[in-house]
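Trainee: May I ask for a close look at a single part of this model? I should like to follow how one strand is joined to the next, and then what lies against them.

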Amino acid sequence: MINLESLLSVQGGIAALRFSDDGALIESVGELEQTHSRLAADICYANGRMMQQGGDMLMTLSGMKGWSPYGWMMMGDERSICTVAGVACFVRNSEASFNEVLHVLSEVGHQ
């Protein structure tokens, strides 16, 4: 069974967390303190809601379906965060294969 720890085994994986539909932290693994994990879960939830709103606006303005976000990613200079379906993964950019991260993240997020 694939789980959050699987995201730590991908190259560059730092931490991973699962959050609920209201932004509450369900579980976390890796190099984040519990307080930071709770804040990250809240931020990931909020950003996901903004992405959903943007997708809804694109659908309305374009008249085209299919703009519901599957997930999102934010890339910083050294680290990035990737999310899919209530699961987030933090990675070191210099070490990460984003194709691998997103593949494993999709598996973990949709089980």
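Mentor: Two strands are said to pair if DSSP finds at least two bridges between them. Please keep in mind throughout that this is a predicted model.

Let us begin with strand 3, which covers residues 71–75, and strand 4, which covers residues 79–84. These two strands run antiparallel and are joined by five bridges. As one example, methionine 75 has serine 80 of strand 4 as its bridge partner. Strand 3 and strand 4 form a hairpin, and three residues lie between them.

From strand 4 the chain passes to strand 5, residues 87–92. Here too the strands run antiparallel, and the number of bridges between strand 4 and strand 5 is six. Across this pairing, isoleucine 81 stands opposite phenylalanine 90 of strand 5. Strand 4 and strand 5 form a hairpin with two residues between them. One residue of the turn, alanine 85, deserves attention: its phi is positive, about 45°, although it is not a glycine. Alanine 85 belongs to the loop between strand 4 and strand 5. Its relative accessible area is 43%, and a residue counts as buried under 20% and as exposed over 50%, so alanine 85 is partly exposed.

Strand 5 also has a second partner. It pairs with strand 1 in the antiparallel sense, over five bridges; within that pairing, leucine 17 has alanine 88 of strand 5 as its bridge partner. Five of the six residues of strand 5 are buried, and the strand is thus described as mostly covered.

On strand 1 itself, arginine 18 is worth a closer look. Although its side chain is charged, arginine 18 is buried, because its relative accessible area is 18%, below the limit of 20%. Not counting residues up to four places away in sequence, arginine 18 touches several residues, among them Leu25, Ile26 and Glu27, and also Gly86 and Val87. Leu25, Ile26 and Glu27 fall within strand 2, residues 25–30. Its contacts further include Leu4, Val108 and Gln111.

We may now ask what lies against these strands. Helix 2 spans residues 34–62, and since each residue adds 1.5 Å, its 29 residues should span 42 Å; the C-alpha atoms at its ends are in fact 42 Å apart, so the two values agree. The buried residues of helix 2 are Ser37, Ala40, Ala41, Cys44, Asn47 and Gly55. To see how several of them can share a side, recall a general rule. An α-helix has 3.6 residues a turn, so residues three or four places apart point the same way. What covers these buried residues includes strand 1, strand 2, strand 3, strand 4 and strand 5. Helix 2 is followed by glycine 63, whose phi is positive, near 75°.

Two pockets also involve this helix and these strands. The largest pocket has a volume of about 360 Å³. It is lined by 17 residues, and those nearest its centre are Phe19, Gly48, Arg49, Ala85 and Gly86. The alanine of the turn discussed above is therefore one of the residues nearest the centre of this pocket. Helix 2 gives the largest share of the lining, six residues, while strand 3 and strand 4 each supply at least two. By character, the lining residues are nine nonpolar, six polar and two charged.

The second largest pocket has a volume of about 160 Å³. Its lining consists of Ala40, Ile43, Cys44, Asn47, Trp72, Met74, Ser80, Ile81 and Phe90. Several of these residues have already appeared: Ala40, Cys44 and Asn47 are buried residues of helix 2, serine 80 is the bridge partner of methionine 75, and isoleucine 81 and phenylalanine 90 stand opposite each other. Helix 2 again gives the most to the lining, in this case four residues, and strand 3 and strand 4 each supply at least two. The lining residues divide into seven nonpolar and two polar, with no charged residue.

Finally, consider where the chain goes beyond strand 5. Glutamate 95 lies in the loop between strand 5 and helix 3, residues 98–109. It counts as partly exposed, because its relative accessibility is 35%. Leaving aside neighbours within four places in sequence, glutamate 95 is in contact with Gln11 and Gly12.

Technical notes. Residues numbered from 1 in each chain as written. Predicted model: local features only at pLDDT ≥ 70, side-chain atom pairs only at ≥ 80, totals over all residues. Heavy atoms only, no water. Expected span 1.5 Å × (residues − 1). Buried < 20%, exposed > 50% of the residue type's maximum accessible area, 1.4 Å probe, protein only. Contact = heavy atoms within 4.5 Å. 1 Å grid on protein atoms, 1.4 Å probe; cavity = no way out; pocket = protein on both sides within 12 Å on 5 of 7 lines; lining within 4 Å. Points joined across faces, edges and corners; volume = space filled by probe spheres on them.
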